[in-house]
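Here are some friendly notes to read alongside the model. Please keep the 3D view open and follow the points in order.

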There are 2 protein chains.
Amino acid sequence: MRIGELSARTGASRRSLRYYEEQGLLVSSRSPGGQRHYEDEHVQRVRLVQAFLAAGVPSGTLVEMVPCMAEPSEGRARQALEIMDRERARLSEDIDGLVAARDALDRLIEDNRAYLTRSADREV
Amino acid sequence: MRIGELSARTGASRRSLRYYEEQGLLVSSRSPGGQRHYEDEHVQRVRLVQAFLAAGVPSGTLVEMVPCMAEPSEGRARQALEIMDRERARLSEDIDGLVAARDALDRLIEDNRAYLTRSADREV
DNA sequence: CTAAACGCTCACATCGATGTCAGGGTCAAG
DNA sequence: CTTGACCCTGACATCGATGTGAGCGTTTAG
């Protein structure tokens, strides 16, 4: 498939797909005329990249992780594991931060609701 | 306290504190000479702002939420609740996304570990 | 062969929170 | 009054992923 179809299937813009390639996160074969061609499997790869990018994993870090998934090379595997573990820790921290923020928000909501309830009571 | 101390106590840079004020997220009284002065309670406010900003809540949205916490006004309270609920949903979605990414990462780590284990076996 | 739809590269723009620098006040201790 | 530490405003820079537009080539259906 060409870039338009991959874009349609993944929701990533053509621009983003070219960017992923530029960053080394995605490969493509080229037609004689220079147009990118992809296989079905690339759909999954793009989804993976999207998930990590959306999770705040910088593309530079992805470069060290994802290719290693496609072709785990003896030497790099160990190094990649370190990076992945580190990134996993960062993700967990981020999750904790978000959960804490949500908890704080819940308290605000609760306060606000209580305020409204009291207002309503006074009106009765 | 002046801005330097508030910065030291919260970890937010002086620049950020001024930015929060500029955005309407933080108030300060001014000395005759124009310097900002804060009370102890502002430490908590800054921490709250930091938590939400770190969680990806845009300052514009915070403006609609946080002030309402300080001074819940009859009319705005209901509107603020809507915004808070909406933002809470967004936070939950983000959390789900991060958790999904972490799960995907766990699978990659597992694959990688399995690969390394097989390598080690062959060496024996 | 032609036109429409699609793709290519290059380059500049965007957003939000923060960093950084310049030029110039303020405050407190001596 | 002076000095050193602190603060002020304003402006420009940064980062990363993506948007956008120009100018031009490719592919494919008719």
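1. Let us begin with one of the DNA strands. Of the atoms of DNA strand C that lie within 4 Å of the protein, 78% belong to sugar or phosphate, and the rest belong to bases. Please keep in mind that this is a predicted model.

2. Which residues come nearest to DNA strand C? Of the 21 residues around this strand, the nearest are Gly4(A), Arg18(A), Arg36(A), Ser13(B) and Tyr19(B). You will find both chain letters in that list, so look at chain A and chain B together here.

3. Three individual contacts with DNA strand C are worth a look. The side chain of Arg18(A) places an N or O atom 2.7 Å from a phosphate oxygen of the strand. In the side chain of Gln35(A), an N or O atom is 3.2 Å from a sugar or linking oxygen of DNA strand C. From the other chain, Gly33(B) uses its backbone: an N or O atom there lies 3.3 Å from a phosphate oxygen of DNA strand C.

4. Now for the helices behind this surface. At least two residues of the surface near DNA strand C come from each of α1 (3-10) and α2 (14-22) of chain A and α2 (14-22) of chain B. The most is given by α2(B), with 4 residues. Sorted by class, the surface near DNA strand C has 9 polar, 7 charged and 5 nonpolar residues.

5. Turn next to DNA strand D, which is surrounded by 22 residues. The closest of them are Ser13(A), Tyr19(A), Gly4(B), Arg18(B) and Arg36(B). Sugar and phosphate make up 78% of the atoms of DNA strand D that come within 4 Å of the protein.

6. Where does chain A touch a base of DNA strand D? An N or O atom in the side chain of Arg15(A) is 3.1 Å from a base oxygen of the strand. Gln35(A) brings a polar side-chain atom to 3.5 Å from a base nitrogen of DNA strand D. Gly33(A), by contrast, has a polar backbone atom 3.3 Å from a phosphate oxygen of DNA strand D.

7. The surface near DNA strand D draws at least two residues from each of α2 of chain A, α1 (3-10) of chain B and α2 of chain B. Here α2(A) gives the most, with 4 residues. The classes are 5 nonpolar, 9 polar and 8 charged residues.

8. With the DNA covered, look at how the two protein chains meet. The contact takes 37 residues from chain A and 37 residues from chain B. Together the chains bury about 3,500 Å², and 72% of that area is on carbon and sulfur atoms.

9. How many salt bridges are there between chain A and chain B? The count is 4. One salt bridge to find in the viewer is formed by Arg88(A) with Asp106(B), whose closest N and O atoms are 2.5 Å apart. Over all chains, the structure holds 16 salt bridges. Arg88(A) lies in helix α5 of chain A and Asp106(B) in helix α5 (residues 74-123) of chain B, so this pair joins two chains.

10. Polar contacts between chain A and chain B involve 4 residue pairs, with both residues at pLDDT 80 or more. On the side of chain A that touches chain B, α3 (41-54), α4 (59-70) and α5 (74-123) of chain A each supply at least two residues. The most comes from α5(A), with 28 residues. By class, this side of chain A has 23 nonpolar, 4 polar and 10 charged residues.

11. Finally, how are the two copies arranged? A turn of 180° with a shift of 0.0 Å along the axis lays chain A on chain B with an RMSD of 0.0 Å. That is the relation of a two-fold axis. In chain A, the C-alpha nearest the axis belongs to Ile95(A), at 3.0 Å from it. Of the interface residues of chain A, 100% are also interface residues in chain B, so the copies meet through the same surface.

How values were computed. Residues numbered from 1 in each chain as written. Chains lettered and ligands numbered in written order. Predicted model: local features only at pLDDT ≥ 70, side-chain atom pairs only at ≥ 80, totals over all residues. Heavy atoms only, no water. Contact = heavy atoms within 4.5 Å. Buried area = accessible area lost by both parts, 1.4 Å probe. Salt bridge = Lys/Arg side-chain N within 4 Å of Asp/Glu carboxyl O. Polar contact = N/O pair within 3.5 Å; in protein donor to acceptor, adjacent residues only side chain to side chain. Nonpolar A, V, L, I, M, F, W, Y, C, P; charged D, E, K, R; others polar. Near = heavy atom within 4 Å. Least-squares fit on C-alpha atoms with pLDDT ≥ 70 in both.
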